[in-house]
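Reader: I would like a close look at a single part of this model, the surroundings of the ligand, together with the sheets and helices that frame them. Please state the cut-offs behind each term.

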Amino acid sequence: MEDVAGTCPEAANPSHDQRMLASRASCEAQKRLLRRAGKIDGKALLSEVACEPALSIEHVTHAYGERVALDDVSFTVARGSCTALLGLNGAGKTTLFSLVTRLFAARQGQIRVLGFDINRDPGEALRRLGVVFQARTLDLDLSVTQNLRYHAALHGLGAGEAKARAAEVLARMELSARAGEKARNLSGGQMRRVEIARALLHSPRLLVLDEPTVGLDINARASILRHLRELVAQTGLTVLWATHLLDEVNATDEVVVLHKGHILATGSTESVIEAQRAKDIGGAFASLIADPSDASAQAPS
Ligand SMILES: Nc1ncnc2c1ncn2[C@@H]1O[C@H](COP(=O)(O)OP(=O)(O)O)[C@@H](O)[C@H]1O
Ligand SMILES: [Mg+2]
């Protein structure tokens, strides 16, 4: 499969739509070739085509009554990236995650997870998606392991597989020693790590987290981010996490800046800083949100 990975067309400075169209045309051609060569079997292996982004959001608009929370939002999240969805309170981050996870139906626009449209192919899309919501969702009276087993059953994992996977993900999140303990006895940061472990049980390819570090102390925040970046580096998982805390973003991350329902910039942290001629991501963010005429513009990615 590697021989097709590098063939996505990349024009010098294409618009987002041009890039999406070029990438899709190239992917369709690749799929045809692979099918003909007997290397791909219909849509089940479609996600293995290297050009499909982990997440593709195209022209998504969502309103609560008269209030437009997302206005023609388009961006992609590259596979194997650690991408921060940066936005102040009210930017539309949770609304976007609610659409990606199908809590709300996306009425306008298209959302695809590893190439699977969440409206047309929800089973395939959601199977590849792990979610940590903004609100805490552990059952505090159950043990850590019981919380994980319950979730594994919801995903259709058998008892043996659930046990093995639970041990694996708890070890990865450095929580093996707390497995038998009631969730309510854990610290806020440990609870968040249990929620991340739980979201990894069914081996998703894309993990989305809505403000996972809010309310945590500085050490717990650093620990969560370290674990997320290790997951990306060591397992090839794609992570998209929402935050309003600019100091959480580092040089190796990709960023998507969302403000008042509009995408203001996408790309590597470095490219977004450079495009704003800023010193750091905080400066770039301040300059992006200060200029209302940029509300529908995108920095090149
Ligand atoms: N259930 C809702 N009903 C009405 N308005 C909502 C609802 N949820 C969010 N909003 C509004 O939509 C906008 C985006 O909110 P949200 O997606 O929660 O942003 P964020 O997660 O970035 O803080 C805000 O103006 C918010 O007040
Ligand atoms: Mg929110």
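Author: What follows starts with the conventions, then takes the ligand shell, the two sheets and a helix pair in turn.

This is a predicted model, in which local features need pLDDT of at least 70 and side-chain atom pairs count only at pLDDT 80 or more, while totals for chains, interfaces and linings use all residues. Residues are numbered from 1 along each chain as its sequence is written, and chains are lettered from A and ligands numbered from 1 in the order in which they are written.

Ligand 1 is surrounded by Tyr64, Arg67, Ala69, Gly87, Asn89, Gly90, Ala91, Gly92, Lys93, Thr94 and Thr95. A residue is counted here if its C-beta atom, placed from the backbone, lies within 6 Å of the molecule. Two elements, strand 2 and helix 3 (93-100), give two or more residues each to this shell. Helix 3 contributes the most, with three residues. Helices (H or I, at least four residues) and strands (E, at least two) are DSSP runs, numbered from the N terminus. Sorted by class, the shell holds three nonpolar, six polar and two charged residues. In this sorting Ala, Val, Leu, Ile, Met, Phe, Trp, Tyr, Cys and Pro are nonpolar, Asp, Glu, Lys and Arg are charged, and the others, Gly among them, are polar.

Strand 2 leads to the sheet it belongs to. That open sheet has four strands in the order 2-1-4-5, with antiparallel pairing; two strands pair if DSSP finds at least two bridges between them. Strand 2 (67-77) and strand 5 (116-117) are the edges, each with a single partner strand, so one side of each has no neighbour in the sheet. Strand 1 and strand 2 are joined in the antiparallel sense by seven bridges. Their hairpin has two residues between the strands, and in it glycine 65 takes a positive phi near 60°. On its other pairing, strand 1 (residues 55-64) meets strand 4 (residues 108-113) over five antiparallel bridges. Isoleucine 57 has phenylalanine 75 as its bridge partner in strand 2 and stands opposite isoleucine 111 in strand 4. Serine 56 stands opposite arginine 112 of strand 4.

Helix 3 leads to the other sheet. An open sheet of six strands has the order 6-7-8-3-9-10 and mixed pairing. Strand 6 (129-132) and strand 10 (262-268) are at its edges, each with a single partner strand, so one side of each is left without a neighbour in the sheet. On average, neighbouring strands are turned by 15° against each other, direction ignored. Helix 3 packs on this sheet, touching strand 3 (82-86), strand 7 (206-210), strand 8 (238-243) and strand 9, and its direction makes about 145° with that of strand 7. Contact requires C-beta atoms, placed from the backbone, within 7 Å. Axes are lines fitted to C-alpha atoms, for helices over the stretch in contact, and angles run from 0 to 180 degrees between N-to-C directions. Helix 10 (residues 281-290) lies across strand 3, strand 9 and strand 10, at about 30° to strand 9. Strand 9 (residues 254-259) and strand 10 pair over six antiparallel bridges, with histidine 259 opposite histidine 262.

A helix pair completes the account. Helix 5 (residues 144-154) and helix 7 (residues 188-200) pack at about 30°, with axes 9 Å apart. The contact involves Val144, Asn147, Leu148 and His151 of helix 5 and Val194, Ala197 and Arg198 of helix 7.

Definitions and conventions:
Contact = placed C-beta atoms within 7 Å.
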